[in-house]
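Subject: A structure for you to look at

Hello,

I am handing over the structure we talked about, and I hope you enjoy looking through it. Please open it first, then read on.

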Amino acid sequence: LAARDAALSLCVPPRRARARSLAQARSNYKNTISAMKRMIGRQYDEPEMAYEMAWVPGVKFVKMGDGGVGVEVMLNDEPKQFSMTQIVSMMLVKCGELARQACGVNLADAVVSIPCWFTNAQRLAMKDASEIAGVHCLRLMHDTTATAVAYGISKSAKNLFDATTAQRTMFIDRGHSSYAVSAVDLVARTL
């Protein structure tokens, strides 16, 4: 599961994730939340949050009881408030459902990738979202580290690494708003 920018549309019938919610965003834009990873674990009164919230038109952001960022949406013609942690947990539930449909089995565990710029509060909020979603989060891993591990597993399975000489590889995550690089020494079955 990757904690990347996505969209979640809260509506009746039940919530939709990613492709369907993006298509529905035009007609249900006030209930379609995006930029979740930028807001999870953040405080409503942080100076940067006003800027981030301005990039999500139509959504009513609210200050939650703990000072965190939340949203107010209309469900069954009633206003409901959800914290960003709850919104991300809904997305994780949907990701689990999609994985279950694709693989045909229930997922027991997950490693959740996060941006390397997440603060400790954001990391804890992501772990809380995983717990709320019923996802057993074995570990939070930086996006570029997750890419390096996947690359290493794939190449090791094909015996493409020398058992003693390290191969230095750089993994670059050039997102639309951030830039992260990991330089990794790879040896057979070792990162």
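Below is what was found in it, from the overall layout down to single residue pairs.

Please keep in mind that this is a predicted model.

**The overall layout**

The protein chain has 191 residues, and 41% of them count as buried. Its secondary structure comes to six helices and ten strands. Among contacts in the chain with a separation of 6 or more, 54% are between residues 24 or more positions apart.

**The nonpolar cores**

A good place to begin is the largest nonpolar core, which holds 32 residues. Those touching the most other members are Ile33, Met39, Ile40, Phe61, Val71, Met84 and Met126. Several elements each supply at least two residues of this core: the helices α2 (36-39), α3 (47-54), α4 (84-103) and α5 (120-133), together with the strands β5 (69-75), β7 (109-114) and β8 (136-142). Helix α4 gives the largest share, six residues. As a general background, nonpolar side chains tend to be buried together in soluble globular proteins.

Met39 is worth selecting on your screen. Leaving aside residues up to four places away in sequence, Met39 touches Met49, Glu52, Met53, Val56, Phe61, Val69 and Met84.

Apart from the largest core lies another one, of five residues, including Ala148, Phe161, Phe171 and Leu186.

**Two helices that cross**

How do α4 and α5 meet? Their axes come within 8 Å and cross at roughly 50 degrees. Because of that angle, α4 counts as oblique to α5. The crossing in which α4 passes α5 is right-handed. On the α4 side, the residues involved are Thr85, Val88, Ser89, Leu92 and Val93, and they meet Ala125, Met126, Asp128, Ala129, Ser130, Ile132 and Ala133 in α5.

**The salt bridges**

Side chains of opposite charge can pair when their charged atoms come close. Here the count comes to eight salt bridges, and three of the pairs are described below.

The side chains of Arg38 and Glu52 form one of them, at 3.7 Å from N to O. Arg38 sits in helix α2 and Glu52 in helix α3, 14 residues apart, so this pair links distant parts of the chain. Are these two partners buried or exposed? Arg38 is buried, because its relative accessible area is 12%, under the 20% cut-off. Glu52, at 16%, counts as buried too. Glu52 is also one of the residues that Met39 touches.

Next come Lys63 and Asp45, whose side chains meet at 2.5 Å, N to O. Lys63 belongs to strand β4 (residues 60-63), while Asp45 lies in the loop between α2 and α3, 18 residues away. Lys63 is partly exposed at 46% relative accessibility, whereas Asp45, at 54%, is exposed.

Strand β4 takes part in another such link: Lys60 in β4 pairs with Glu72 in strand β5, twelve residues apart. Their N to O distance is 3.3 Å. Glu72 has a relative accessible area of 21% and is therefore partly exposed, and Lys60 is partly exposed as well, at 47%.

Finally, Arg42, Glu46 and Glu48 are linked in a network of salt bridges.

Happy exploring, and best wishes

Conventions: Residues numbered from 1 in each chain as written. Predicted model: local features only at pLDDT ≥ 70, side-chain atom pairs only at ≥ 80, totals over all residues. Heavy atoms only, no water. Core = buried A, V, L, I, M, F, W, Y, C linked by side-chain atoms within 4.5 Å. Buried < 20%, exposed > 50% of the residue type's maximum accessible area, 1.4 Å probe, protein only. Helix = DSSP H or I, 4+ residues; strand = E, 2+ residues; numbered from the N terminus. Contact = heavy atoms within 4.5 Å. Salt bridge = Lys/Arg side-chain N within 4 Å of Asp/Glu carboxyl O. Axes fitted to C-alpha atoms, helices over the stretch in contact; angles between N-to-C directions. Parallel < 35°, antiparallel > 145°, perpendicular 65-115°, else oblique. Left-handed = near helix turned anticlockwise from the far one by under 90°.
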